[in-house]
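Subject: Structure for you to look through

Dear colleague,

Here is the structure I promised to pass on to you. Please open it beside this message, and then read through the notes that follow at your own pace.

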Amino acid sequence: MDMSQKDPCQKQACEIQKCLQANNYMESKCEAVIQELHRCCAQYPKGRSVVCSGFEKEDEERQKLKSASK
């Protein structure tokens, strides 16, 4: 990815950081902002957003677990 191009979901990632810091890192209090990032990530192809790469890995792991349990 061209680093001069701004990450499309960077703003949402920053909002999550702010929310977590403000709420003593209690994820449950930041569900809404986390969902916003998920929505943002869903709009872009894999690899387009660096901040979404964690969700992409998470989804791949979940798929592997589902396949293994069948």
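Helix 1 can be checked with a simple piece of arithmetic, because at 1.5 Å a residue its 13 residues should span 18 Å, and its end C-alpha atoms are indeed 18 Å apart, which agrees. Please keep in mind throughout that this is a predicted model. Within helix 1, the buried residues are Q12, A13, I16, C19 and L20. These residues cover an arc of only 120° around the axis, so they sit on the same side of helix 1. The face turned away from that buried side carries the exposed residues K11 and A22, while the buried residues themselves pack against helix 2.

One of these residues, Q12, may deserve a second look. Q12 belongs to helix 1, and it counts as buried because its relative accessibility is 18%, where buried means under 20%. If we leave aside its neighbours within four places in sequence, Q12 is in contact with E36, L37 and C40.

Helix 2 can be read in the same manner. At 1.5 Å a residue, the 12 residues of helix 2 should span 16 Å, and the end C-alpha atoms are 16 Å apart, so the expected and the modelled spans agree. The buried residues here are V33, I34, L37, C40 and C41. Seen down the axis of helix 2, these buried residues fall within an arc of 115°, and they therefore line one face of the helix. On the face turned away from the buried side you will find the exposed residues A32 and A42, whereas the buried residues of helix 2 pack against both helix 1 and helix 3.

What lies in the loop between helix 1 and helix 2? N24 lies there, just after helix 1, and takes a positive phi of about 55°, in a residue other than glycine. N24 is exposed, because its relative accessible area is 65% and exposed means over 50%. Y25 is found in this loop as well, and its phi, near 60°, is again a positive value in a residue other than glycine. At 53% relative accessibility, Y25 counts as exposed.

E27 is also found in the loop between helix 1 and helix 2, and its relative accessibility of 53% makes it exposed. Not counting residues up to four places away in sequence, E27 touches L20 and I34. E27 and Q10 are 17 residues apart in sequence, and their C-alpha atoms are 18 Å apart in space.

I34, which lies in helix 2, counts as buried at 12% relative accessibility. Beyond the residues up to four places away in sequence, I34 touches I16, E27 and F55. I34 and Q17 are likewise 17 residues apart along the chain, with 9.9 Å between their C-alpha atoms.

It helps to recall that in soluble globular proteins nonpolar side chains tend to be buried together. In this model, the largest nonpolar core has 12 residues, namely C9, I16, C19, L20, C30, V33, I34, L37, C40, C41, C52 and F55. The elements that give two or more residues to this core are helix 1 (10-22) and helix 2 (31-42), and the largest share, 5 residues, comes from helix 2. F55, a member of this core, touches I34, L37, H38 and C41 when residues up to four places away in sequence are not counted.

Finally, there is the largest pocket, which has a volume of about 230 Å³. Which residues line the largest pocket? Its lining is made of A13, I16, Q17, E27, I34, L37, H38, V51, G54, F55 and E58. Helix 1, helix 2 and helix 3 (53-69) each supply at least two residues of this lining. As you trace the lining, you will meet several residues discussed above, among them E27, I34 and F55.

With best wishes

Note on methods:
Residues are numbered from 1 along each chain as its sequence is written. This is a predicted model: local features need pLDDT of at least 70, side-chain atom pairs count only at pLDDT 80 or more; totals for chains, interfaces and linings use all residues. Side-chain values use heavy atoms; hydrogens and water are left out. A nonpolar core is a set of buried Ala, Val, Leu, Ile, Met, Phe, Trp, Tyr and Cys residues joined through side-chain atoms within 4.5 Å. Buried means under 20% relative accessible area, exposed over 50%, partly exposed in between (1.4 Å probe, protein chains only). Helices (H or I, at least four residues) and strands (E, at least two) are DSSP runs, numbered from the N terminus. Contact means heavy atoms within 4.5 Å. The expected span of a helix is 1.5 Å times one less than its number of residues. The arc is that of the directions from the helix axis to the C-beta atoms. On a 1 Å grid over the protein atoms alone, a cavity is a set of points where a 1.4 Å probe fits but cannot get out, and a pocket is an open set with protein on both sides within 12 Å along at least five of seven lines; lining residues have an atom within 4 Å of a point. Grid points are joined across faces, edges and corners, and a volume is the space filled by probe spheres set on the points.
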